[in-house]
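Hi everyone, thanks for coming. I'd like to walk you through one structure, so please keep the picture in view while I talk.

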Amino acid sequence: MESRTSLKSKPRSERTRGPVVAGIFYPQSGPELSVEIAGLVARCEQVPGSSRAIVSPHGSLPYSGLVSAAAWLSTQARKVDRLVILSPSHRALDPAIFLPESSVFSIPGSSFAVDKKALADLADSITACVEDDIPHLEEHGVEMQLIFAAYFHPHASIVPLIVSGSDPGILTSLFAGLYSLFADDLESTLFVISSNMAVAEDKVSCLERTEEYIAWLSPSGRGKDRPAGAVGICGAALIEAFMGSDLGRGLSPNMLERTSSAPFAEAGEPIVGYAAIGLSP
């Protein structure tokens with residue numbers, strides 16, 4: 001990966017955001033990564049591959065790779081030219097939408113061109129947009145989706161966004177702006193929300209809270225009180241804002257796969273839930 005200093009010394013049109021968690025969350029070798037992703041996909045139950053949007057976790061491959069594979073498999077029948085990938089910030093940053101300065105995102109064996117025109121148009125319409133590579137170098141939420149994008153939609157361009165905070169005004173503006181930009185291209189655009197699920201003290205509670213939350217997102221559940229377990233879901237604000245926007249109108253969530261970090265947790269560690277959600281009419 002290029003250092004921050006080298007990134008800042010290059011013109012923005014030449015900057016590449018290299019892999020940050022390769023060798024930690026997934027294999028550092030391109031061929032080895034391809035084999036592992038193919039193996040995960042082969043283990044998934046085959047589902048109709050026409051999801052308009054997905055929620056996919058950003059845990060390491062041993063923790064949540066099979067779940068992410070299920071989410072992405074649900075898009076396989078679509079011809080996708082553009083990936084809009086949204087990830088929450090896990091750091092205490094001011095509320096903002098962080099756009100990358102880099103024009104390319106790379107992972108082992110693959111690279112994706114950033115749709116800079118779309119980002120410029122988004123920045124022109126939303127004052128909360130900030131162009132800054134640093135948040136993108138400090139987060140792995142987008143990167144963990146690209147390793148699956150390379151398998152399913154390798155030629156798509158990307159619109160990678162890191163969203164800090166849960167300010168309702170910012171989120172409403174974000175999804176209104178995205179709808180305005182891509183309303184005429186929804187058939188060729190896939191929206192990906194990178195998010196883990198509920199956090200609890202044990203596996204059973206973790207999975208129950210995750211399932212309650214996904215049920216609440218459905219048309220029949222949204223009239224009920226928001227589940228208490230939603231508080232620990234890192235991307236909940238993004239998921240709910242998407243579902244409440246014109247982009248999410250008419251889409252229903254389908255839980256495709258789910259698991260937790262319980263097999264890897266040490267004594268006393270909280271258990272994190274992971275779920276694959278396909279959003280389709």
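**Strand β9 and its neighbours**

Let's start with one pair: Ala53 has Phe191 in β9 as its bridge partner. Before going on, a word on where this comes from: the model is predicted, so local features need pLDDT of at least 70 and side-chain atom pairs count only at pLDDT 80 or more, while totals for chains, interfaces and linings use all residues. Residues are numbered from 1 along each chain as its sequence is written, and side-chain values use heavy atoms, with hydrogens and water left out.

When I say helix or strand, I mean DSSP runs numbered from the N terminus: H or I over at least four residues for helices, E over at least two for strands. Strands pair if DSSP finds at least two bridges between them.

Strand β2, residues 53-56, runs parallel to β9 and is joined to it by 4 bridges. Strand β3, residues 82-88, is also parallel to β9, with 5 bridges; here Leu86 has Ile193 as its bridge partner.

How many of the residues of β9 are buried? For strand β9, residues 189-194, the count is 6 of 6, where buried means under 20% relative accessible area, exposed over 50% and partly exposed in between, with a 1.4 Å probe and protein chains only. Thr189, Phe191 and Ile193 point one way, Leu190, Val192 and Ser194 the other, and all are buried.

**The open sheet and α6**

Now to an open sheet of 3 strands, in the order β1-β5-β6 with mixed pairing. Its edge strands are β1 (16-17) and β6 (110-113), each pairing on one side only. β5, residues 104-107, pairs with β6 in the antiparallel sense over 4 bridges, and Ile107 stands opposite Ser110 in β6.

Helix α6, residues 143-152, lies across β1, β5 and β6 and runs at about 75° to β5. Axes here are lines fitted to C-alpha atoms, for helices over the stretch in contact, and angles run from 0 to 180 degrees between N-to-C directions.

**α6 meets α3**

The axes of α3 and α6 come within 10 Å and cross at roughly 45°. The two helices are therefore oblique to each other; angles under 35 degrees count as roughly parallel, over 145 as roughly antiparallel, 65 to 115 as roughly perpendicular and the rest as oblique. α3 passes α6 in a right-handed crossing, that is, the near helix is turned clockwise from the far one by less than a right angle.

Leu73 is a nice residue to click on in helix α3, residues 61-73. Is Leu73 buried or exposed? Leu73 is buried, at a relative accessible area of 2%. Leaving aside residues up to four places away in sequence, Leu73 touches Val41, Cys44, Glu45, Gln46, Gly49 and Phe152, with contact meaning heavy atoms within 4.5 Å. The C-alpha atoms of Leu73 and Gln46 are 7.6 Å apart, with their positions 27 residues apart along the chain.

**α7 and α9**

Last stop: helix α7 (residues 168-182) and helix α9 (residues 236-243), with axes that come within 10 Å and cross at roughly 50°. Leu171, Leu174 and Phe175 of α7 meet Ala237, Leu238, Ala241 and Phe242 of α9. By class, that contact has 7 nonpolar, no polar and no charged residues, counting Ala, Val, Leu, Ile, Met, Phe, Trp, Tyr, Cys and Pro as nonpolar, Asp, Glu, Lys and Arg as charged, and the others, Gly among them, as polar. α9 is mostly covered, with 7 of its 8 residues buried.
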